[in-house]
Every structure is written in C-alpha cells, then in structure tokens.
Amino acid sequence: MSAYMKDILREIKHTPGRFVSLAVIAALGAASVVGIQATSIDMRLAADAMYKGHNLYDLQIKSTVGFDGDDADALRQTEGVAAVMTTTIFDAYAKVSGENHATRTYALPDGLNLVDVTEGRLPENGGECAVERRLLRDGGYRIGDTVELALDNMDDYRAALGHSAFTITGVVTSPLYITFQRGNTALGDGSLDYYLYLHPSAYTLGVYTDAYVRMSPSPDMDNLTHEYYAAADEWKRRVEQTGAARAKLKSDDMARAWREIYEGREEYESGVSELAERVASARALLDETKAALDEARAELENAQAALDAMIASALSAGTFDAMREQIEAAKAAIDGGWSEYFAGLSRYEGGVAELDAEETAGKKALAEAADRLDEAEEKLAKAPAPEWFVFTRKDGVAFDSYFQDTLRLEKIGYVFPMVFFLVAVMVSLTSMSRMVEEHRTRIGVYKALGYRAAAVAQKYLLYALGAGASGGAAGAVAGSYVFPLIITDAYSHLYDMPPAPMPVPLGIAVAAVVSAVLAVVCVTLGTYMAAMKGSPAVLMRPKPPAGGRRVLLERVPLLWNKMGFFSKVTARNVFRYKRRFIMTLAGVAGCAALLLTAFGLRDSIGGAAGLQFAEVTKYDARAYLKDIADEGQREGLTAALPKAHLFIREEAVDADGPKGGLAASVIIPEDPESLDDYYGLSAPGTKEPVTLTHGGALITDKLARVTGVGEGGAIAITCSNGKAYNVTVTGIVDNYIQHFIYMSPETYADVFGAPALPNSVVMYYDNGRAFAAVLLENENVRALLHNDELLSQIGEQTDAMEIVTVVLIVLACALAFVVLYNLTTINISERVRELATIRVLGFYDSELAMYIYRENALVTLLGVLLGLAGGVELFRFVITSVEIDILKFPHIIRPQSFAYAVALSAAFAVLVNLVMRRKLTGIDMVESLKSAE
Amino acid sequence: MGEDYVIFRDVVREYRTGSVAVRAADGITFSLRGGELSIIVGPSGAGKTTVLNILGGMDGVTSGTVTVDGREISSLSRRDICSYRRDDVGFVFQFYNLIPNLTALENVELALQIRKEALDPRAVLEDVGLGHRMHNFPAQLSGGEQQRVAIARALAKNPKLLLCDEPTGALDYETGKSIFRLLQDTCREKGVTVVVITHNGAVTPIAHRVVKIKSGKVERVTDNPCPKPVAEIEW
C-alpha cells in the first residue's frame, strides 16, 4: 500500500465521525433516489411479468347479442390480433355462509387470462367448480364441498347454467383481479363479492357472452407504459370497427329473420284457406255420393214395392209359378242393388271420417306453425340491437390504478430526492471545507516542501471520493432492496400481486452514486482551491480567528438591553460563523421542508377523494341505467328511486384543446336548475358558486389547465363514435377526480344534434339503502354505486400512498439527524479551544452544553421557520409533479402537519444535542493551553 | 493564609499511549504559601505544565495528593473539581483565550455568570488599566491588552488562586514586563495567591518562592525574603 493510501486510511481512522457522516449523507441521498425509483420499477416488473405470464387480455369485448364462431373469426382477422378467446361470464348468487352473495362465474380460460391453481385441481365436468380463496374461507368450505348457485329468476338461471350445485375441486387465483375489489354487477346491491370458475360445459346459453383479445405486439411491449396505453386505444378503435361490421351483419340477419316471419305468416294464411277449400270440395263430392246413394235406395225401395205388388198380384192371379222366373230375377236384381247400395254407403261414411280427420290435422299443423311464428317474432322483438363494447385494461379500475400508482411513485422518486441531494451537498460542503481548513497548516507544509497543489488535493479528493462512493453505493443497494420491501408491502394490502423481482436499477443507481460522488468531490475541490490560494508561509500560520462583531440586533437597544448575558452571547455567536450558520439553517430548513412536504402529501393525496365526494359529487348514490327514451321506462324507475334524484346523461368523450387532450365525461342534467344540488359547482380558489347556462359548457379546472382552454374558449369534444364537436366554455369549476364537462340538455341537443337521453340517475337517500334491492330489479338499472363505498375503496388506495410518505418522513428524519449531527460536530470542533476555555473557567457540564445548545436551538428554530415557509413551496411543487392526469390534488396541509414537522425537527435537534453532550463533556481542557490551531 | 496553602505531595502523573507510559510528573513534592507570588520554573517538557494542569483542576494525578487551602483536590469528584475551578481558581492562559465574539467587558462578565462572589467587572477592568477599551473586541486589542483582559477575567471571579501559564510567552519584552507588574501588584494589593509558570528563569527574583522543576521532579525550592519589584529586573 502506498504511503498516500495509508495516509488517507489513517485520516479516515482518526476522523471516523466525519467520514461516516459524509458517507451516510451520500447514502441517504442515493437511497432515496434509487429506492423510490426501484420500487416503481419493481412494481412495474411484477405486474408486467404477471400479465405476460398469465397471458392477460389486451381488450375485452362484450356484445349485446353474444358471440358465435363467426364473431371469433372476424376478431381473429382483425389487424394485430394475436389470440382470441370467446368465453362465458355469468353472474349469480352463491350461497356463502347461508347468505346470497353476488358472484361472477367464468368459464375456464382457454389460452388467455390463465388462472393459477393454488390448491386442488380445475373442474373437469359441468358439475364442478374452482373458487377463489376468499369464497372458500368466508363460506367455511373445503375442497369436495358443494356450493349452490341461484338467481331470483330461476328461468334466467336455467337458461344459462345446467346445474345449481357445484362440487369445489380447487382454489384458483385469477389474473383479472389484482386488487381485493371485485367490481360491480347488476345483481343485489350492485357490488360483486366473489368469483369462481366453471367447466365450459356447465353453460347452456348457446352463445359466448364475452370475448378476450390479445394483440400481437403486446407480448414484447412493457405492459405498464404510456406506449402500451396509447397502443391499446388504437387496438380498441380497430376492434370497434370489426364490431361495427359484425353488428351490421347481425342486423342484416335480423332483418332477414323478420322477413321470414312475414313470409311465414303469409304462408300460414294461404294454408288456412287452402285447407278450407280442399275440405269443402271433398265434402261436396261426398254429398253428391250421398245423394246418389239416397236415390239408389229410393229406387231400390220402389223396385221392392213394385216386386211386392207383382208378387201379390201374381199370387192372387195364380200366375206365380208362371211368373216365378221373372220374380226371382227381379228379386236377385233388388238384392244386388241393396248390396251395392250398402257398399256405397260404407264407402261414403269412410270418406266422411277421413275428411274430418284430415281437416283436424291440417288445422292443428297450421296452429302450430302460427305459434312458432309468434314465438319467433316475440324473440326477435326482444333481441337487442347487436352492438360491441370494447374495453382496454384502462377500463379495468385496478389495472389502471396500479399503473397510476407506479407513475406517482416514479414522480415522487424524481422530485423528492432532489431536495435530499441539495441538503446533502450543502452539508458535505460544510464538512469538507472544515476538513480542509483543519489541515490548513499541513497543506501549507506540503506546499512549502514543494508538493504541487494537485498532489496535495488528491488526498482530500480521494477521501471525499471514498466517502461519497462507499456511502452512495451502499445507499443505492440498500435503497433498492429496503424501499421496495417496505413500499410493496404496503401495496400488498391493496394489490394481489406476486412478489416483484428486485433488480438494482443499475442506470439510476450509477447516476445517483456518480452525482453523489461528483457533488462531494466538486465541493471538496472548490474549498480546497479556495484554501490553497495563499502562499505556504501564510498557510502555515494559523488562520486568525474571526474577529468579534456586533450584530444588527444590538442596534435595537430596547431589545438588546433586555436580553440576558447568554442570550446576547448566543445571538452574536450564531451570526459569527456566517457560512456555518447559513448551512445549518439551510440543512434544518431543508429537513423541516421535507417533513412538511411529506406530511402535506399525505394530507393532500388522502384529501382528494374526500373533497371530491364532499364538495363535488355530493350525492349519496348513483344508478347506471339503460338509455331512458320513453315515459314507461321512467315510471317504474321513479317509483323505486328515493325522492331526491336527478336524471343525467353521462357520456365518455375525449376533450382536446391547444395544449393537450384528456379523457373526460360530459354530464347533462335533465334539469339544469337542480344540478348544483347534486354536483358542487364552484370556482376554484374562490369557491364562488358557478351556474350552468344555456349555450355553453362548464369544464373542470384540471381539464382547463391540461387542454389550455379557458373561459370563453372552445373545447373540442370527440365522442365514442368518432365525431368531433366544439363547445364554448362559459366557466371553470373546481374538481379533484376525473374531468367533467357540464352542459344543459339544450346545449347538448344543439351541439350533438340529438336529445340527451338520461343514462344515469344520481340521488340522495331518503331512508337508508332499503330502496336498492327494488331499484336493482328494475330492468333499466344496470348498476348502483354508493359514494361511501367508493370513498372507502379509494381510502384503501391512499393508505398505501401513506406508507410512501411515511418512508419519506423517516428519510427526512434520518437526514435531519445526520445534518444536525454533522453541523454540530463541526461547530464543536471549530470552537474546541473556546469551549475548553469555558470549561477551565469552571462551567459545569450542563452549563457548557447549554452554551452550545442555545445556539443550536436558535438556529434550529430559525431553520424550522424557514423550512416551513420553504416547505409550503416545495410541497406545491411536489404535489403538482406527482399529480396524475386523472386527479387534481387539493393543495392542503393540515395544521397538524405543521405541528408534526416542527415537533419532529425539534425532536431531532434535541436528540442530536443529547448525543453531542458526550462529545462536549469529553473536551480536553488542555486544548485551551494550545495556541490557536 | 500562610504556610502550606498549596501542597503537592509525591505527585505522579503518567500518560499512557498504547503500551508506552510517559511520566510527566515523577514524585513532585512542594508547597506554596498563601497570599504570595510563586513561580514554577523549568525548561520545556520538564513537567511544569502538568503541575499547572493538576493545580488548575484540569487534570488528575496518578498517585500522590494535592491540597489547596486544606482541601485535597486530587480526590474530588468531577462536579466538585469543576466547582473548584469555578470558585477557587482564576486562570490566565499563554494565548489569552478570550472569547473572540465577546467584548473585553463581556469577557469579564462571562466569569460573573458562574460565580456569585464575583467582583464588578468594570472596576476590575479599570484596575488592569483597560477602562477605556471595555467595549472593544479581542481582535481590536493588542496582545498585552488582551492578556490584561484575561487577567481581569480571572480576577473578577475573586479566586483564591490565580494561575498563570506563561502569561508573557506571546508578548514582547515591555508588555511582558507590564503584565508581570500587574500580577505582582495584584498579589501585593489584593492578597491573591498568584502562581506563575514560566520557562524564563530571569523573572524568578520577583517571586516569594521559586520552584524549579526538571525532568518531572522538583530540583530546588528557593525563597526570596524580599522579592524585587518588576521594574528592577531585566531579561
């Protein structure tokens, strides 16, 4: 080892405190940058791996009429589609611990959305099912038990499912559910509780209800990126085109069916009359036969009578024998006639019976045909217009919120650690300049001995490099493991995501360490160069101590004269070492600002949802409806709804302006007058009420900000059908979650050229939620969402964010400690002679401590005050940076947060002072005997 | 106050650095009378600073006893030794050790803050001849003036013992002389026991008793029945 390295190592050994604190500062800086970024990256990798591993869908398609093989083929032929899975999804009640719980049943996946079997096996026939663990647990079920499914209307149930009891064969987890939220359903109170999987043969619907699509570029694409989402929108458009084409074909099919029914009816009518004709003509024929028979009979009777008369006259005339031959011939003829007659008669009767049978059969066949036609017509009349609804993962709440969470983390990971870095650089600046100053005479000696400045500088640079690199690297590695562990643990309460791989994000880590090292090294070089300006002779002489000076405060005798002796000393000392004072002030202020920002973040992120529901979407619940076009639909609804309700139309659109575009919702209240009873409309900032007028739209402030459309401007609205319209903005209103464009029905009709059919109704409860069950039975109601439930769901999500802020708070505290420790150490080491003198003068340990503490307390106090002021600004900056498109965070810091920030800063100041006390009381009084330096 | 105000008996002080033990004081025994000016003299490294540190309550002993005014200070607790420094000792440093951020008056007042029986700082400053520079900061004062302030600071505590460590070491001849004069006058007029440590043997005639130390041991103790006034000596 070179003497040089030995010297440096010895230097480190002799000043462990300085080296360690420099390293720790670098470590904290690097850990905060790398850690939060790493968490964001790890979370994304976890989700990406999970999505890809389970072949998660890119698009989900629902159809009003279901899917058949042709639909699947059409999808397969759509550009970019890699895989198609048509499947069946059916919601029913499952009996779980004695109660009916809305449960979504899925057909076992075939290629997409693969499930994990965590226990048991998958169903192998129509009478088996695999359930999610929660259902198993809540229901107290075991594998092999039977779970019963049912619906209120069992006809509907039987139309879809062949069994009503299913044997549980296993426990599965579905990639479709990454949160513990299960989403909405049309059953019960509108919220879904469980999911389970059935064998495809369990379904008897005859068509598939859903189609899932995987697109070909997506397996290679990172799933959690803006690129993916942009691509997904494009894919959605393409599949919608396919859907439109399929819908047209299906509509043609329907038209054909109608024509067939019409033709059938005509055929039926002609059948009826044909039958009648045929029967009539046959009957006429028979009647003729009958008449002929009757005639024949009369003739025969006449012949008999004539014969009888002939026999009688022959007997009386005695000519019988002579006539015998003649008589016998006549008798034979009559007998022949009778037998012919009877044969004819029986033929006739057979004919009549045959005709009657024929007629009955014909009528029956016709009636059946009529029934069939009626049935077909009824069915066709009931069938909805064929239409496809295409959903991307963005429409699945959980997938998007997970993505947004990673984005938010990433943004915090950029902004927050920057402040860390600034504070860290400032502290190491003080630290290193102190070191160089301490070594002033030594540097002078080296210089006098003929060493070149660069050679001498090397030592300090290596020292700084050592501290920065070792601390930075340790911080980066520790950060990239510890932060994800803590933060993903917090998110694991929210997301059901397999553990993330945890690579050290090398790029960011290297950048962080290099910038940490660069910062420390540059600072060192700077102070070194400044110190080296003098000639060796000047350098070797001790630096004259800074002369005392009066402070500004002394110009105010009124105040100064009232101050105690030590207060005066403190005031002077604080301002004596200006640079250290400023550094300490900045350090403390930085930490206080970080703390305040972290607490403020917690307040704001947690507050957004609360404010949205308290101030904007004030209603208690909202029902999603089919389009309400006629009075009949409305009557049933109105009866089931609470008294206070407002029908609205909400339409998802894209809103664009000169600065950018966003997805937004157009809201058209049926009665604009009462809109502000349900939606709070107030100007941002001033909270002045804003009213909706005809001829223009109100837009929410974030939308205005992002699109760059102000009051009086025109916002471009693109509907889902691709048509674009321009609407004048007449006002801007406050809002926190999502983006709204409010319009009166008249404006809507003017702009869109169509009446605004209500498709939603917002309401206040009359008397609890008892109405919900009745309302949901109404065929026009699709789902009912309660605001308090939404709020608690969002609450869970912001809980996770809270952990992030807690991590930031802990970091800020650690930084506060190191900063204060470092600066106090420097303070003591710079003034060791003065402090030793004070001890020699007979100050007790506590008095000596107070001598320093008073200064620290004053600087801390000033620093905290400055930090609070700066913290408010930093908070504004951070909160605007971490804001995601869909949200506007309210800029609120609760008074408690100020108190916490102050209390924590003060606590750390006290803690550092306690730690420092040992150092103070350990000061060797002999130091006082030495010459300055 | 009389005989044996300060007694060193077989005082040994060892400093250990690793396995090497250095004996700075190796069985030092002497005594000083109260109300007198005593000088402890010896070459650099002889151990006189060790004696001063022990006497000033800044350092302990390895063995032996030190008694000041009948109180054994070598066995006092940390707190008691601090009280001893505070109440009984006034210390004058070679490099004055004034608090740079305090004016002359304030430096003297500093002593006042911790000592109840303190003297009026202004009067003490007047006594050392600095009445006109009370409001100057140390950096604005000459070396001699600074040392006067330091003496005033030590005296203002009204100590039993005024300990001076090479008080003129950083001063020129004339100024040094004036400081010695001040010390002698203080001893004579105020009856303060003054102990001066110096390597300068030439000033020994002004003291009542001179303790010469060499290699950690007392070489010789000399008494001057009639100490010379400072003005009469030269070096």
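**View 1. A:Arg839 sits in helix H22 of chain A.** The model is predicted. A:Arg839 has 25 other C-beta atoms within 10 Å. That count makes the residue buried, because the cut-off is 20 or more. Leaving aside residues up to four places away in sequence, A:Arg839 touches A:Leu848, A:Ile923 and A:Met925. A:Leu920 is 81 residues apart from A:Arg839 along the chain. The C-alpha atoms of these two residues are separated by 9.8 Å.

**View 2. Chain A meets chain B.** The contact draws 25 residues from chain A and 26 residues from chain B. On the side of chain A that touches chain B, the elements giving two or more residues are helix H14 (565-576) and helix H22 (832-840) of chain A. H14(A) gives the most to this side, with six residues. By residue class, the side of chain A that touches chain B divides into 13 nonpolar, seven polar and five charged. Helix H22 of chain A is also the place of A:Arg839.

**View 3. The largest nonpolar core has 299 residues.** The residues with the most contacts inside this core are A:Val213, A:Val520, A:Leu595, A:Ile741 and A:Leu815. Helix H15 of chain A, residues 578-616, gives the most to the core. Its share is 20 residues.

**View 4. A:Ile741 and its contacts.** A:Ile741 is one of the residues with the most contacts inside the largest nonpolar core. Residues up to four places away in sequence are not counted here. A:Ile741 touches three alanines: A:Ala655, A:Ala664 and A:Ala697. A:Val666 is also touched. The isoleucines in contact with A:Ile741 are A:Ile667, A:Ile699, A:Ile715 and A:Ile717.

**View 5. Six strands of chain B form an open sheet.** The strand order is E6-E7-E8-E3-E9-E10, and the pairing is mixed. Strand E6 (89-92) and strand E10 (217-223) of chain B are the edge strands. Each of these two pairs on one side only. Neighbouring strands of the sheet are turned by 15° against each other on average, direction ignored.

**View 6. Strands E3 and E8 of chain B run parallel.** Strands of a sheet pair through backbone hydrogen bonds, either parallel or antiparallel. Here five bridges join strand E3 (residues 37-41) to strand E8 (residues 193-198). Across this pair, B:Ile39 stands opposite B:Val196 in E8(B). In the sheet order, E8 is followed by E3.

Notes. Residues are numbered from 1 along each chain as its sequence is written. Chains are lettered from A and ligands numbered from 1 in the order in which they are written. This is a predicted model: local features need pLDDT of at least 70, side-chain atom pairs count only at pLDDT 80 or more; totals for chains, interfaces and linings use all residues. Two strands pair if DSSP finds at least two bridges between them. Helices (H or I, at least four residues) and strands (E, at least two) are DSSP runs, numbered from the N terminus. Axes are lines fitted to C-alpha atoms, for helices over the stretch in contact, and angles run from 0 to 180 degrees between N-to-C directions. Two residues are in contact if their C-beta atoms, placed from the backbone, lie within 7 Å. Ala, Val, Leu, Ile, Met, Phe, Trp, Tyr, Cys and Pro count as nonpolar, Asp, Glu, Lys and Arg as charged, and the others, Gly among them, as polar. A residue is buried if 20 or more other C-beta atoms lie within 10 Å of its own, exposed if 12 or fewer, and partly exposed in between; C-beta atoms are placed from the backbone. A nonpolar core is a set of buried Ala, Val, Leu, Ile, Met, Phe, Trp, Tyr and Cys residues joined through C-beta atoms within 7 Å.
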